[in-house]
Amino acid sequence: MHKREMIRNIAIIAHVDHGKTTLVDKLLQQSGAFRENEAVAERAMDSNDLERERGITILAKNTAIRYKDYLINIVDTPGHADFGGEVERIMRMVDGVLLVVDSFEGCMPQTKFVLRKALQNGLTPVVVLNKIDRPNARPAEVVDEVLDLFIELEASDEQLDFPVVYASALNGTASLDPDRHDANMEALYEKIIEHIPAPKGNIDEPLQFQVTLLDYNEYLGRIAIGRVNRGIIRQGQSIAVMTRDGSIKQGRVEKLFGFSGLKRVEIDEAGAGDIIAIAGVKDINIGETLADPAHPEALPLLEIEEPTMKMTFLVNNSPFAGREGKWVTSRKLRERLFKELETDVSLRVEETDSPDEFIVSGRGELHLGILLENMRREGYELQVSKPEVIIKEINGVKHEPMEKLIIDVPEESMGAVMESLGTRKAEMLNMTNNGTGNVRLEFLIPARGLIGYRTHFLTITRGYGIMNHAFDSYAPYQGAEVGGRHEGVLIASESGVATTYGILSVEDRGTLFIEPGTEVYEGMIVGEHNRDNDIIVNVCKEKALTNVRSATKEETVKMKVPRILSLEQALEYLNDDEYCEITPKSIRLRKKVLDKGERARYEKQRKMAANTAE
């Protein structure tokens, strides 16, 4: 067991893609955590397949580094505000944070979001200006931006007295001078030791340990990861489990693990301030406290901000239902969603009057999109409705979530972007022209105004625009319809296989989402119409076999490339009367009502109901 004064517990926080995980890589490598001949993947902390594919951190993970005689426990947190629940609970595990900021981009929306959480928890910050080797880095201005952000977030005098380390995580260098590059990360290690306080907590008091993360092992079952708040915990010890509903049950610590590099190491005991993993306690959940049976005192439950977006998850009832998925029933869908609640504290699942429908609420489109992507990879088949923002009633007045939006666009696209955001009720807060041909625009925009905006934004900026947003606050509901899709769709008129001839006959009507040979069914969306109304098309039409041949029969026909939608694009694209059908192999868009005649009646009733309501 380490001496308390020789332990440092820190979380690495930053906006997405500012280099947190790469920084942890280099700290691990330079600490000697790996053997010389050991093969280590880049971004070693991103162990999940989706994290590796997308280059983002989704789940918080911890590691331990030995530097001189010190043990430094590091927790790598997600940069996306959609996974803010991961960041919020981590703050209870640590005594300080490394705030990583890109030395060119400066403070971004999620920088503010994660820093606010750290400062509210009274953590000690060390600022790391990363990517200092970028040719257009502006360290002095970015340090001023960080200081302004600390003041805006009402940091204490001690927190304002933060040290700044200039680093290049990619090159594995850090120094205290922006104009000099040391050959290693020594300067950062030293600042962590010097500036981050040792953990508080008395090892002589009765045991208290709070579960912050959960893992699963097929041999050991559920593994609870967290920090020992006080006292000592030993392998084989009897404990009291203080559950979320206030009841107390008895348990026993079967196995106890510490961390060394990326590995778990079995240990006999741990004391206050240690970050450890415990196996053997059945049905343990996040936020619950393990305590001394003689003095069962619970720590306060983790407070997590409420979700801002919801979607309806339904059992797939399309004509192709059950063809591609392994798990297709409502029982399996319910089981999987409630299992997700055990590890994702910022998710909510509500049952409805229908056993086949569940309302799932999360922090944003990406949060719900990652859940859906994981489910389809596991073999689940389902359909979902258009994402909707959650409207809250505060003092009898309807409020909606507002997002802080930061956009970097080329100067020539600025007018088109401002015009498009104006129709989505965005309020401009700031504009900065840094003289490089790019302009930074800051807006406050209703969250529903951002649904489906990313694709349109990339089109009008010809792919050069970069947009980032994070939840800001709740504001009075603006009533009028904001955002949404303005184009109609092409709907398949019959079931069958799409033919080249059928697709060519409707190509001039819009953009197709399918290729020849794709199976379609009546009511399935096969493309986007050039105009704002929906039309029915027959993409299964075959060329009539007649004896008449034209002189240009052998002429080569050139087909347009179809737009194949990813899962996120499909969710953004949805309208109120549409579903996205998700299976392990396919992503299809469809109308809620598949039959043409029934759809016309449904639309008529909907318009009459809307007019009556007005």
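Before you start clicking, one convention: angles under 35 degrees count as roughly parallel, over 145 as roughly antiparallel, 65 to 115 as roughly perpendicular, and the rest as oblique. Keep in mind, too, that this is a predicted model.

**First stop: two helices.** Select residues 109-120, helix H4, together with residues 139-152, helix H5. Their axes come within 10 Å and cross at roughly 50°, so H4 and H5 are oblique to each other. The crossing of H4 past H5 is right-handed.

Now show the side chains where the helices meet. On the H4 side, pick Thr111, Lys112, Leu115 and Leu119; their counterparts in H5 are Leu149, Phe150 and Glu152. Colour this contact by residue type and you will find four nonpolar residues, one polar and two charged.

**Second stop: under H5.** Keep H5 selected and add S4, strand S5 (124-130) and strand S6 (164-168). H5 lies across these three strands, and runs at about 150° to S5.

**Third stop: the sheet.** Next, bring up the open sheet of seven strands, which follows the order S2-S3-S1-S4-S5-S6-S7 with mixed pairing. Go to its edges, strand S2 (61-67) and strand S7 (173-175): each has a single partner strand, so one side of each is left without a neighbour in the sheet. On average, neighbouring strands here are turned by 25° against each other, direction ignored.

**Last stop: one strand pair.** Zoom in on strand S1 (residues 7-14) and strand S4 (residues 96-102), which pair in the parallel sense over five bridges. Which residue of S4 is the bridge partner of Ala11? Select Val97 to see it.

Notes
Residues numbered from 1 in each chain as written. Predicted model: local features only at pLDDT ≥ 70, side-chain atom pairs only at ≥ 80, totals over all residues. Heavy atoms only, no water. Axes fitted to C-alpha atoms, helices over the stretch in contact; angles between N-to-C directions. Helix = DSSP H or I, 4+ residues; strand = E, 2+ residues; numbered from the N terminus. Left-handed = near helix turned anticlockwise from the far one by under 90°. Contact = heavy atoms within 4.5 Å. Nonpolar A, V, L, I, M, F, W, Y, C, P; charged D, E, K, R; others polar. Pairing = 2+ DSSP bridges.
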